[in-house]
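Open your viewer and get ready for a short guided tour. We will begin with the whole chain and then move into one sheet, strand by strand.

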Amino acid sequence: MKVYSYLDLNNEQGKITTHELIINQDRFFLDFGSDSLTPNMVKDIKYIFISHEHLDHFKSLFHLAEFLKEDIEIFMTNTTKKMIELSFQKMFNESISLRNYEKKAKVLERIRLLYFNQQHEIYHDNDNYLQLTVYPSGHTFGSSMLLIESNEVNLLYTGDMDYNKAVNDRSCYFDFDKDVDYIIIDGTNILNNRKLDKVLSIAKDYAERNHIDLLIKPEKAVDIATILSKSKHLNEHKIIYKKDLYPYLEVLLESGYELFTNDKIMLELTSNMPRFDKTVNLTTRPSQGYAKKFNYTLHISLESMHHFCSSFIKSPKVLIGHYDRERFDEVMRIASDYGYHILVEGDNLL
Ligand SMILES: [Zn+2]
Ligand SMILES: [Zn+2]
């Protein structure tokens, strides 16, 4: 068994975000965000799985859309599909001509939906079979990990993941009874163990102020709204999703996610909403005055990674991707302490 891994060079050192397997002679891509892919490299791909809507995992679907095979099959969850449609629209607005867009948008017709915890049979002829099952990976709403079961290999690809058990519907789940030979897991946070806790310490800081805009990525807005709304330090505050978050929240609402867990969390529907004495405004757009940039990681910690990987009945071989290449030696050392393997750019013989 071989995995070919591709770099995404978007950030300085690059990250391994995209992998290729050959299953029954067909090229099967796990995510498609690498910017080192070229038109020539993608024209005979049979299957692509997209784990979630972040650019480092799907952007080549947009950039190389017209070079993909007409009958390619692209798998993802329904929420991820809707998010990607939004991004296609946004990328189009920023870059290309309408004619070109129509060509590119055709690739969206090749998307096949996968539903959480349901096994999807792709084919089964004689001895050859391929079955796909997605499980929530906890990273963003709709983000999924993929279990591939085939006559050649059983492999779990987590994409980006967060071992999130408590925060609203964005929780991670896997069926550990499954027979898994290999796991390709998210190594982003292997050196840090950063947690969400700092959110609450920041809440205290806001309690002193009347209004503050919190500059935040959309996938984190719902978590932050939920957590801040429960903080006793913010008893008098309303937590408001600003209008720029609307397209994102609309997708989540359609997908059945709970976004307004109590009357403290509101959506800014019009510009003449009633005034509140104290607000925490969540926005993706920098604004003048009290905007404060807020970031935290949604990736699995080393401790949780270990817990996750040792929960399987049969110990799978653990392969780490998406790690910080600048600190390769440290990543390598920690991985080998746990008996994990590191995926590098190019061929990885398993
Ligand atoms: Zn991500
Ligand atoms: Zn990523």
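What percentage of the 350 residues in the chain is buried? Buried residues make up 39%. Keep in mind as you look around that this is a predicted model.

**The whole chain**

Start with everything shown as a cartoon. You should find nine helices and 19 strands. The radius of gyration is 21 Å, close to the 20 Å that the globule rule gives for 350 residues, so the chain is as compact as a globular protein of that length. If you draw a box around the C-alpha atoms along the principal axes, its sides come to roughly 65 × 55 × 40 Å. Counting contacts with a separation of 6 or more, 70% are between residues 24 or more positions apart.

**An open sheet**

Next, select the five strands β14, β13, β15, β12 and β16, which lie in that order in an open sheet with parallel pairing. Colour 265-267 (β14) and 291-293 (β16) to mark the edges: each of these strands has a single partner, so one side of each is left without a neighbour in the sheet. From one strand to the next, the twist averages 25°.

**From the β14 edge inward**

Now pick residues 238-241, which form β13; three bridges join this strand to β14, and the two run parallel. Click on Tyr 241 and look across to β14, where its bridge partner is Leu 267. Then add residues 218-230, helix α6, which packs on the sheet. Helix α6 touches β12 (211-215), β13, β14 and β15 (279-283), and its direction makes about 170° with that of β13.

**Strand β15**

Stay with β15 for a moment. How many of the five residues of β15 are buried? Five of the five are, so this strand is largely enclosed by the rest of the structure. Show the side chains as sticks. In a regular strand, side chains alternate between the two faces of the sheet. Here Thr 279, Asn 281 and Thr 283 point one way, while Val 280 and Leu 282 point the other way.

Which strands flank β15 in the sheet order? They are β13 and β12. Towards β13, the pairing is parallel over four bridges, and Tyr 241 stands opposite Leu 282. Towards β12, five bridges join the strands, again running parallel. Finish the tour by selecting Leu 214, whose bridge partner in β15 is Leu 282.

How values were computed
Residues numbered from 1 in each chain as written. Chains lettered and ligands numbered in written order. Predicted model: local features only at pLDDT ≥ 70, side-chain atom pairs only at ≥ 80, totals over all residues. Rg over C-alpha atoms; globule rule 2.2 N^0.38 Å. Buried ≥ 20, exposed ≤ 12 C-beta atoms within 10 Å, placed from the backbone. Contact = placed C-beta atoms within 7 Å. Pairing = 2+ DSSP bridges. Axes fitted to C-alpha atoms, helices over the stretch in contact; angles between N-to-C directions.
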